[in-house]
Structures are given as structure tokens and as C-alpha cells.
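Please walk through this structure and explain how its parts meet. Begin with the contacts inside one chain, then turn to those between two chains.

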Protein chains: 4
Amino acid sequence: MTARTAAPVPTLGVGMVGYSFMGAVHSQAWRTAGRFFDLPMAPEMVALCGRDATAVAAAASRFGWAGHETDWKALLTRDDIHLVDVCTPGDTHAEIAIAALEAGKHVMCEKPLANSVAEAVEMVQAAEAAQARGVRSMVAFNYRRIPAVALARKLVVEGRIGTVRHVRAQYLQDWIVDPEFPLVWRLQKDKAGSGALGDVGAHVIDLAQHVTGLSISSVSGLTTTFITERPLPAQGPTTGLTASAAEGAPTTGTVTVDDAALFITRFEGGAVGSFEATRFATGRKNTIRLEVNGSEGSLVFDFEFMNELQFHDRNEDPDTAGFRRIIVTEPSHPYVGAWWPPGHGLGYEHTFTHEVVDLVTAIGRGQDPTPSFADGLQVQTVLAAVERSAAEGTWQDVVVPS
Amino acid sequence: MTARTAAPVPTLGVGMVGYSFMGAVHSQAWRTAGRFFDLPMAPEMVALCGRDATAVAAAASRFGWAGHETDWKALLTRDDIHLVDVCTPGDTHAEIAIAALEAGKHVMCEKPLANSVAEAVEMVQAAEAAQARGVRSMVAFNYRRIPAVALARKLVVEGRIGTVRHVRAQYLQDWIVDPEFPLVWRLQKDKAGSGALGDVGAHVIDLAQHVTGLSISSVSGLTTTFITERPLPAQGPTTGLTASAAEGAPTTGTVTVDDAALFITRFEGGAVGSFEATRFATGRKNTIRLEVNGSEGSLVFDFEFMNELQFHDRNEDPDTAGFRRIIVTEPSHPYVGAWWPPGHGLGYEHTFTHEVVDLVTAIGRGQDPTPSFADGLQVQTVLAAVERSAAEGTWQDVVVPS
Amino acid sequence: MTARTAAPVPTLGVGMVGYSFMGAVHSQAWRTAGRFFDLPMAPEMVALCGRDATAVAAAASRFGWAGHETDWKALLTRDDIHLVDVCTPGDTHAEIAIAALEAGKHVMCEKPLANSVAEAVEMVQAAEAAQARGVRSMVAFNYRRIPAVALARKLVVEGRIGTVRHVRAQYLQDWIVDPEFPLVWRLQKDKAGSGALGDVGAHVIDLAQHVTGLSISSVSGLTTTFITERPLPAQGPTTGLTASAAEGAPTTGTVTVDDAALFITRFEGGAVGSFEATRFATGRKNTIRLEVNGSEGSLVFDFEFMNELQFHDRNEDPDTAGFRRIIVTEPSHPYVGAWWPPGHGLGYEHTFTHEVVDLVTAIGRGQDPTPSFADGLQVQTVLAAVERSAAEGTWQDVVVPS
Amino acid sequence: MTARTAAPVPTLGVGMVGYSFMGAVHSQAWRTAGRFFDLPMAPEMVALCGRDATAVAAAASRFGWAGHETDWKALLTRDDIHLVDVCTPGDTHAEIAIAALEAGKHVMCEKPLANSVAEAVEMVQAAEAAQARGVRSMVAFNYRRIPAVALARKLVVEGRIGTVRHVRAQYLQDWIVDPEFPLVWRLQKDKAGSGALGDVGAHVIDLAQHVTGLSISSVSGLTTTFITERPLPAQGPTTGLTASAAEGAPTTGTVTVDDAALFITRFEGGAVGSFEATRFATGRKNTIRLEVNGSEGSLVFDFEFMNELQFHDRNEDPDTAGFRRIIVTEPSHPYVGAWWPPGHGLGYEHTFTHEVVDLVTAIGRGQDPTPSFADGLQVQTVLAAVERSAAEGTWQDVVVPS
């Protein structure tokens, strides 16, 4: 909040691929991070990349990028670009990220890391090879950077909830409840890899494992597709979440991904979990809930109240024990000191700003940011185990390929 | 609320077995139902039965029973007793209920109906045989009788939420998080049949099926016991939920039931569900939550707010759509007209009063009350399928024996 | 919850006047108190009194009273009646209560104590005279007996919130928002004394002063009547809250009480308060809220969540400080041990049961119950000061006549 | 969210005075508005002004201002500055704003408009004179620009709540509960004009009047200062909200403003209101609440849940009526379409971005933005009436000087 005299720092040239929803919010993060946080490098928004020259030029201007490209490979040959931010659909992550790493560019890659475990393994190999050359990579699980979530992690690390017993994690949306909602790319397996499972389930898998510090060891799950045929979008599958139903669409197409995925899990150490990811929770717009019960206390996070964390301490006097609604806007709370006085909440986009802050800080310090591509692979492996379990009707161990 | 002139109605003599937690609350229900509701028969609290003569005499006096017995079989031979209310641990349900039905007594039996499917099958056979003679039976899933739950069922029947897609059901307690909590009867398989699964999981299985009107067709579940050895109670396994740790207990015993059970389900018609029953949700005292998402709307119930129902109507103008917090205390709401003005909430015990009302009304009208023993068997079958699934690691169909 | 062997105790014969809303709920309290609490005297429901012989006989039967009377004076001459419970409209409180006290009967009197300060002064004088003869009296501010409110008081006494700075108290209803709602007795000054101010404002004045332990020293207030003409009820002003609009009522009448009263206050010791009582808070059925902010902490109570108390402790680590939602259902919480296990909430009527418990306990122990008639007079004096302030447009000191 | 091709638009050069809390958040708004909204002019952050050359230079660099000045008068002579944004303490608003308007600069001025009615009158006169020359002015009541508040206003305009009866408005903070918190400028009458009343009370006065469309016609209020002596800050009164207690401060000073202000109001048309502004609501960090009850419905806003609006519609079927929690993140909601998909909430700073959007849009279209300086004067007049009422102990009419 207070202006600080910043010593000159080296520039970090950024090129970004993709300019839809994720591109817009990443742009805001790149523009904003250095205004509130002291960064060891100064991000420079060098070029935005997209296939449609007119559209990408307009987006670059709108979002504050100095230039634009229509071929992502062009980013890799530019000396003024040191980092590539991959905001495209999942089917292109592996190709772009691996090439960028090989070209010596740091990479931030949207989640899920890839559309398959096999791709993710290759990406990890590329990341590890790059790391040896000082080239960094990170997968963008932005919800880790909510102050309330970071506080939850801190309380777990401090032992405030003791041994974890229960995890309850849900990511609930409802944007395709209408059967007339068209067949956008997120509903097509070849583009998106999976449906609710990979798109939003990946987030809560990461959240649950990150906050508890525990890995899921086995899963039993189901996936389902409630509406299997949908109208084709007016001009073929569109991008974005909010495409309106194509009027007069002549044909329909088949939904090839899950509408919802439910799974129960065992964690290393004996905790158990219940997970759900769905696009059919009518009335739930973007509800992300995580509850963790431990031997000494409990934590509850709900993204509808993103500036809050609920905490129950079992060691309190029973007369006054209860879930506390911590408003996570105190100067001592993670990330918060850089922003506003207590009680003045942050929003969705701040999670991305914090992500950029952590990434740039790690690069500037010569450290590896987290979550790593390996972390992304681990989540991908859980997703694959859920799909396998759903297909075979049995429990599946989560075995991360090496 | 208003006094009404009641025409003389026949007496319904009641004998009750058990006088612990359930006995206390059933007594309150028998005492109270006729004070607020017009019943077709007048319940008379004839005799309370328990093995310890001194204790049961004191309890009878305290709870308002005219007499007492020390052998439940004595209730069956008394002409002034027309109904037997079974409030004992699950291992005795079958014997008492079947004998009572055969003796021509109506039976209300606490849940879960039995400790095994086999027992439940026998009870259903006895109930059906008795029914032919005009003898009625009911299993006591009291939470159905919360006005908010009854309203939820009504809205489903009216089509307000359309085709059900998702069920989320949790019953969370924390009364045995402390490892020093002793090995009470509810933690022993021979007495209790199962742990959290049968004790509280049975409630949410019934709630979910009742509200949606859909049966669970298959399950995949896990059960776990976090603390396997506990101190023995001072004088052997005690009754009740609130026994304090036995000081200086010389030995420990093995917990033979589940501490927690998690399962995912498929319902007939394509809906999917996620269920959890646990005694290890630190800070959750008696949290019962049910969320149902349908094609046209959603419903949310939370027992911590038992006088409320949340309802989302998808067909509202998006500008003003949202989950409504319905305070279920209007005269037109189920059961509520008999009580207080709007906004004056009911409590836990009222669910039992309503249960008595529904039971006595059915008997008086010569109808079969619900839920029937067959409904109880169906829940028992789901419980067994969860246990089998947990043991075998595969999905299990719910096949109710006939 | 557990049956206890009760030693024989003396009988306390009760006669009650009035059998509408308050009569129904008081009856439930008299029937129930001894079933859950160990009382030093055994209440006996001897006679119910009302002017209409047929109706009162039916009510007596329905509510569980052994007999009935049509003249309240008859109660005073009966030897088997030791206590008179006054549940009539406010215009008769003084006459009945004073006569009963003079006849040597203990008295419980509904709130507000009287319809004027002058009447209340006479009642206090009668109460003090009676007290010298061992005859007890209490005014029925039932909301004090909510466990969460009793806990709030306990925390204040223990110093957990320090010096009180702010009180925020609201009693919000909406039952006369409809202009067609008829002119029931509660809307007529000669019967009811005042409108929202005395009916529900009295409750929050008592609550605020009781919880903080501080008296209001001066007030500035306004009263307003939004709808001044209403249809007459079909058969003259009726009793109860829920009379439906009289169809075809030929004439209308003038509302002579306030629809809403707002006032700000100074308390002894420097705290300040904001109060509101209204019947026009659309959507608020019976919302009672009290927030107290002190130098060391804060408390929040909301009757819509009557089994909860929110507590903020300023001395907590800021990282984890927050309002705690205490579910006031632990065995150690006030009144709760007599009822159900943790998490099984109570309802509106339990406040009256607790009132009876406290009253009978005091009488049995030869002590004066609280709140006394003098406490009722003090509240009446605050009400009068608000009315005077509203009339004169200036601050008014609260000076209790002696 | 989607990039749009923007036609070239004229530049709007901005100079801003002040770089503390408000300066930081205004800078973020100026940087961000054009990235998400189509503006008819392109804001250019020309110069930041502050007295300390080193500090202001650092702030300008940090916040993204092209240049800096140490004398605000310098801004007025620069041709590249078309608008002056006044973010200083209240004692300088009048001088700067009037001079800027006279110099032909558009002005945005932080609230409260001035430290006295007299100053505010002069500012209105200057604004009206400037308006005749096409020079625009606005007072910065940012909370109007919360989407949920804008939706509330929209529903009132549409008649969804009918005739307003009740307003309940609170602005609760607790940042000076600690007696060791130092005597910052906000606690000094000569700098700040008043305490909680003007600082945060002004916000809720504006909110309440804006949402209802009704003016406060008379008030009765009290103000109080709980802690009258405080340590002096280490280096004289500091800026900002979060100064920590000066260790070892040799002397103390007197608090010359109110810690809290409570007032009740009458609105034109018969509605009544209850207002509270305080810095002593322990545990309340920045709680802003507004409830409006009308003849047809009710609205509730709470800044702790800034992405929500609660709405009750009295004309609903009573069976399903209830306060709806509208998550105000739909594309059709005010301001929201420019941001993220449904369910992805905004934060505090967005209110300022929206403020800039509305201001620049009005200037670009040759219209007067709202709220005007006259609106600011009206709020100032209410503040003065509250202070006068508190001093004299009587009701005061709100008479806006012309």
C-alpha cells in the first residue's frame, strides 16, 4: 500500500500464448504484480500470441502487451522474451511448454498440465532438463495463492489441526445445465482431455494435497455425462465458458467428456477424502469448498467467501470453542500486507497476481517455483487413476511414473 | 396453538423398551404429540421396560410412564398395551419387534432396523404377516419429520427441482476424536452392527432417498477406523453418547466398527451421490447436510439450521436468482401449523413428536405408516452393500432380498 | 437425558390465566420442566382460566390442565393453587397480579409487566409487600433463558468482552406489512399499551441490559405508524398473531399503537446502544439480534440461529482471530445438560421451560427469582422514556420511580 | 474478458494529489479501467503530486505515473493534465478542488467532500460554475460502484421493494480499540473534520440515500469518544490506518473527533432509519451493512460478502419465500460483464475502477458524473446535522444550503 523506493532490477520479458479467459486474467496479473509487491525482476509484457492476427493485435493493445505474434514459435526465438506463459487449451500445453523450455525460456503453464499422463511425463522430463540449465517452470494452480488457502496451509504446517483424518473437496459449477448450451471445446475430449474432472477437479485435487501436505494414494471414482448430445456452436466449437446457444444450429454433436466426477480417496498416512467436480450443480456458479478435519482441529474454505478461512481448534475450552470465521485480510496474513487495510477483501484475479509474484520471486532468486511440473504430473496421475477407476469399477492406486 | 374441542378418541396404549437417549426423546414425543396435534387415537404411556428395576422405575416416573416392566416380553401379554416402541441397541431389534408383531402389537422400531440384512428380512416378513391382521409397523427415521425436510420432499414431488442429478449427503460428528474416549457399546460390532455407517449413515441414506424419491442402485465405499484400541469403560461398555473417559481403566479393548464411512453411489435414473458418515469430523457435533441438484433447481438442508431450507430455482430471472433461505416456520409448512407463529423455531425433539403424530394417525386411520420395515430393509441393504464394497474394493449393486 | 431417582418433593399447584399463544407455550413449559430438570417442587397443572367456559374447558383438556375456571378470581381462593401464571393481554396484568400476590399466590407475569409505568409501580409495591411474606414474583422475559443468551451473560460476567462500548439490538417482525391485516388487539393502545415497542422492544431492552449488566440511562427515539387504518376483524379484535384478514369487513378502525420504534441510548458507564423494534421488516419473521462490542471482545446473538453464539476474542493471535460460531449444545452450557447430546438443538418453547425451571427452583429454595417485577418496571420506564422522547423530540433520562 | 478492437479515443491526462491509501487504490483504478471497459477517453497517468520529492517520485514509479510534482498547483498549469484526482485529507479538499475547477480541470474528490458545510458550499458553487464551461466534478463514494449495491439500486428503481419503510445502515471498524494506538491525523478534528462520522458514516449515509433514492430529512444522534487521550505518533501524526503504536512516545495528545456516532433518521416520504459509524466494534474490520425493508420486499448488503445481495420478495408463495443470496457475478449484473465468468468475485479495489469508468464515461459523453459535489454537500449537511443534534440533544432538520 505504501510506495517503496525500488532498486533497479533486471527485466523479465514475458510472452504469452492465448488471450481468452486465462489470457485476460494472466495479463492483469503481469500488469499488477510489480505495483504492489517488491519483485527481484521487473516483468515486461513483451508479446501476446494468437493465431488470428487482427484479434490478437486488439487483445495485445487491450491487455497491455507491447507486441503480438501469430505463431507461438516466434516467441521462442526472441531474445527479449525470457518466459513463456501458456494459456491455451490443454491439447497444446506439452508441445509449447517443451519447446519453450528447450529454447531456454522459463515456463508458466496453465492447469491441468497436460491432457494425458504421457504428455505430462514428457513435460516433467523437459522441465528437469531445463532446470539443470537454470530454466524454471511452474504449473498454474492459482487457488493455492488465495490468502485464506495459504493461511490454511500454514496452520497445517504449524500442527494446528494435528493428524489429518478427513478431506472433503468440491468444485461445483452449473454452466452447462441448460441442454441447449453448445458443444464448446471444453466439452470435447480431444481438446480438453477431460471434462469437469480435469478442468476443475484438478484444482481441488491440488488444493487438498497442497493444504494437507499429503498425497492421494488410491481412488475409487465414477464419471458421468448427463447430456450426451448438444447443439454445435454457430461457427464450430468456441472458446470460453460463456458461449451462448447457437441459434439455428443445424446439427448437434456428442459430448465426449464427463459432466461430473465423484471419487473417494485414501491418502498416505490414513486420511480419507471425498471429492466432487461437476458442471451440473444447479445454482453453484464457481463453488470451491475444502474441509479438512484433523485430530486437533479443522479448517474450512469456501471460494464464495474467498477472504475467509474457518478454523476450529479442538483444544479450546468447550464452552467457547467453535468454528472461527477468520477474515484473512490482516497485514500478517499471506500476501495481504501488500494490499489494503484489514477488511478490504481481494478478488479472483489476485490469485493470479500472487502466482506471478511467487514465480518471478523464485526466478529472481534462482529457485524453483512451486507447484512444479512434477506436481502437475502427480495431479494428472490422480486424474488418470480416477478415469481408470470409473472405467473399471475398482480402486486404483496412484502411481506416478518416473 | 389454539385449543380445539377434541371428540373422544380410542386409547392407544404404549409400551416402550429402552430408556436411554432414545427412550428420553421418545417419551417426550409420546407426552407431547396429542397436545398440539389432533390425533385419531389418544396415546397412553402405559409402561416403560428396562432390565434394572430401580433404574427403570425412576425413569418411568421421570418420563411420565404409568408403569414399568423389567422383561420386554411382559409388555406383549398386557392387554392395555397396543403398541411397542423399540428403543434398544440394534442387536435386540429383531427379536423384540418380531415377537411384538406376532403378539399383535403395533411396532415402532428405532433405526437402523437391524444389525444385518438377514435380521431385517425376518422383520419385514413379520411386518407383512402382521399387516394382514391390521397390525402396523414403522422404522423411526425421525429426520424425515423435520419440517424443512418435509418441505424439500414436497418441492421435489412438485417438480420444482426437475430431474435429480446430484446428491451430496453428510452426517458428521466428532464425539470420539479423543483417543481416551472409552469403548462404549456403539463402538462394538456385536452390539451396534456397525459404527458411523449404521448409526448415522443410515439416516442420510434414508434422507437422500426419501427426499429425492430415488433408490440407490449401486455403491463404492470405504470404511476406516482411525483409533483401533480404546480404554474400556469403568463398568463395561456403557450406554449413551456422552460417557466420559473411564479413569484408571485397567485395560483397553478393540474398536470393531468403522469410525467413518465414505461412499459414492449411482441412483436409479442416472443421478449420482456422494455420502459420508463419520465420528471424526472435529468440531462438527451433529452436522447433517443434504444437497440435491436437479435440472430445474437445487435444495440444501443443514441440521445446524434445522428450521431452514435453501432452494434455488433455475427458472428465475438470472439477475435475482439465488439460493433462498426459506425459514420453514410458516403455518402452511409441513407440521408447523400446530406449533408457534412464524419465526419461532422448533428443535430436535420435535422430529420425534411428528413421528408419533404420523404413526398414530396412520394406525387410527387403518393405514400403513411410513417408512415401513421394508424401507428399513432397503436402507439396511445399502449399508451392507457399502460394507461389502469396502471389503472387496469394488462397486456393489444394491439388491434388496425378497 | 438420564433418568434420575427423584426424592419426593412438595407440590406447587399452578393456575394459569389466558390460553392463547402464551397460554399454549406456558402449558408446554409446565408439562415439561420436571421431566428434564430436577426441581425442588413438583408443579401441578391445577386450573386454566378463561372467560369462555366451553373454550377454556377444551383448552384445559388439550393443554393438560386438571381443571378450569372462568373467573380468574376463583384461582385466588383455591388452596390447591400456589402460583398464578398471568398470560393475558397487558391491560389486565396489574389487576390480576396484584390480587394474586395479595392472596398469597406466587406470580409469573408475561411481559411487558404492565401497560404503564404507574401500573408497574403498583405491581412492584405489591411484589415487595408479598416478598416479605415469602411470596415470589417474576416477569417472564423468556429470551434470557436461551442457552446462547445465558452463555453470553456468563462471558460478560467473566470479563471476556471487557468494558462494553456498543450494543446493537433489533427485534424485527413483518406480520402486519399487509395493509389488509386486521385491527387485532395488539394494534390497540387500550389493550396492548403500545405496539412493537412494548411487545417486542421490551424483549430486546431486557436482553441488552441483562447480557451487559448495564442499565440504559437515557434515550432518544422515534415511533411511527406506517398504516393507520386497518379493517376491523370479523368479530371484533381477536387474539393471537395470525388472524387472517376479515373478509367483507364493513368498516375499518384506527391503529393506535406504533408499528415501529427506533431509539439510541446511553448506558451507565459510557456504552452506547442502538435499538429497533418493528412489525414492518419485510421478510423478517421473528428476528432478534443482539451484538455487544467490548474492549476485549464481542458477542453476537441472532434468534434465527438460536442454538449459536458468536464470540470474538480480541486477545487472540490476529492470524487466527475471528468470530467463533459456538454451537451452544455442550453439556457444560447453561440448561443444556438436561437435554440432548451436543449438536441437537433446542427450539423456541424451551425458553419457557427454562423459565419455569428457574422460577420453581427459586421458589423451592426460598429465593427471589429474576427478573423481578422491579426489573419489569425498569424496562417499562425505558419504554415510557422512548415514548416521551418520540413525542417531544428530545433525549429523555430513564428515571425509575421508587 | 474478451479483447475488443478499440477505436482511437482522445486522451484524458490525469494528475493525482496524495499517494497514501487512497492514492494507491486510485492508481490501480486508473491503470486498470481501460483494460476491461470500453472508455470514450483514454486515461493517461501523467503526474502524481506529494510534498516529499523523494517519496513521491518512488510512489509515482511504483504506481505507474509518468511524472511527479511536489506542489499541487503545478498540476493546474500543465496542459497535459485534464483531470485532478484529490486523494488528500479532508482539510485540503476545498482549496485544491476549487482551484482545479477554476483552472478548467475536471475533478474527482475523495469523500467526505469537505470538512465543513461551508467549505462544501463553496465547492458546489465552484463545481456549478465549472460545469457551465464543460468542466466536470464528482465526489468519490466508491461503494456505490459495488455491483451488488448497483443491483440493489436497480431493484429499488424497478419497484421490487415497493415503498421504503426501514433503513438499517452500519459501518463498523475496530482499528483503534487498542488504547495504545497513536493519535494519527484521522483522530484530529483540524485534519479530518470528524471521526468515524465523517470518515465512514459519510459512506453509509450516501449508500442508504443512493440505494433508496430518498433523502434524510431529520436526524437525532449521539457521538462519543471512548478513549480521549492517546500516545502521539513517533514523528507526529502519521498517515494511513495502520500505524502501529509508537514505542516510548514521550507524550500523549487529545483525540478531538468522535470514536462512534449513532443516529436515527426520518426520510422524506415516511421511511425511518438507524445508522451507526464506529471504530470500536471489536472484531469488525470493515463491516458495511445496509438493510432496506419496503412494502413489497427487502434488500440486504454486507461488505464482508461484497459479491452478494440478499433479496426478499414479499409477493412470493409463502411456502418458498425467503431471502435469496444473489451472487452478483452474472454477465447481466452491473459492471460484471467486463470481468470474469459467473462466480469469480471481485474485490475492494474494483469499486474504484468502476468509479473511474463512470467518471471517464461521463466526461467523454459530455455529461455530469454522479455523485456530484451537490450530492457531497447534501451528505455533508447530514453529517453536520448529526453533530448539531449530538451537541444539542434534539432532532435536527437536514436543510441543504443553497
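The paragraphs below take up two interfaces, one between domains and one between chains.

This is a predicted model, in which local features need pLDDT of at least 70 and side-chain atom pairs count only at pLDDT 80 or more, while totals for chains, interfaces and linings use all residues. Residues are numbered from 1 along each chain as its sequence is written, chains are lettered from A and ligands numbered from 1 in the order in which they are written, and side-chain values use heavy atoms, with hydrogens and water left out.

Chain A is divided into domain 1 (11–142) and domain 2 (147–305 + 307–346 + 372–397); such bounds come from an automatic or database domain assignment. The C-alpha centres of domain 1 and domain 2 of chain A lie 24 Å apart. Contact here means heavy atoms within 4.5 Å, and 29 residues of domain 1 of chain A are in contact with 28 residues of domain 2 of chain A.

The size of an interface is often given as the accessible area lost when the parts come together. Buried area is that loss, taken with a 1.4 Å probe and summed over both parts. Domain 1 and domain 2 of chain A bury about 2,100 Å² between them, with 73% of it on carbon and sulfur atoms. On the domain 1 side, Phe36(A), Phe37(A) and Phe141(A) lose the most area to domain 2 of chain A, together 26% of what that side buries.

A salt bridge is a side-chain nitrogen of Lys or Arg within 4 Å of a carboxyl oxygen of Asp or Glu. Between domain 1 and domain 2 of chain A the count is one salt bridge. Lys111(A) forms a salt bridge with Asp199(A), where the closest N and O atoms are 3.5 Å apart.

The second interface joins chain C and chain B. Each contributes residues to the contact: 49 from chain C and 49 from chain B. Together chain C and chain B bury about 4,100 Å², 59% of it on carbon and sulfur atoms. Six salt bridges are counted between chain C and chain B. Arg62(B) forms a salt bridge with Asp38(C), the closest N and O atoms being 2.2 Å apart.

Helices (H or I, at least four residues) and strands (E, at least two) are DSSP runs, numbered from the N terminus. The elements giving two or more residues to the side of chain C that touches chain B are helix 1 (21–36), helix 2 (53–63) and strand 16 (323–327) of chain C. Helix 1 of chain C gives the most to that side, with nine residues.

Terms used:
Buried area is the accessible area (1.4 Å probe) that two parts lose on being put together, summed over both.
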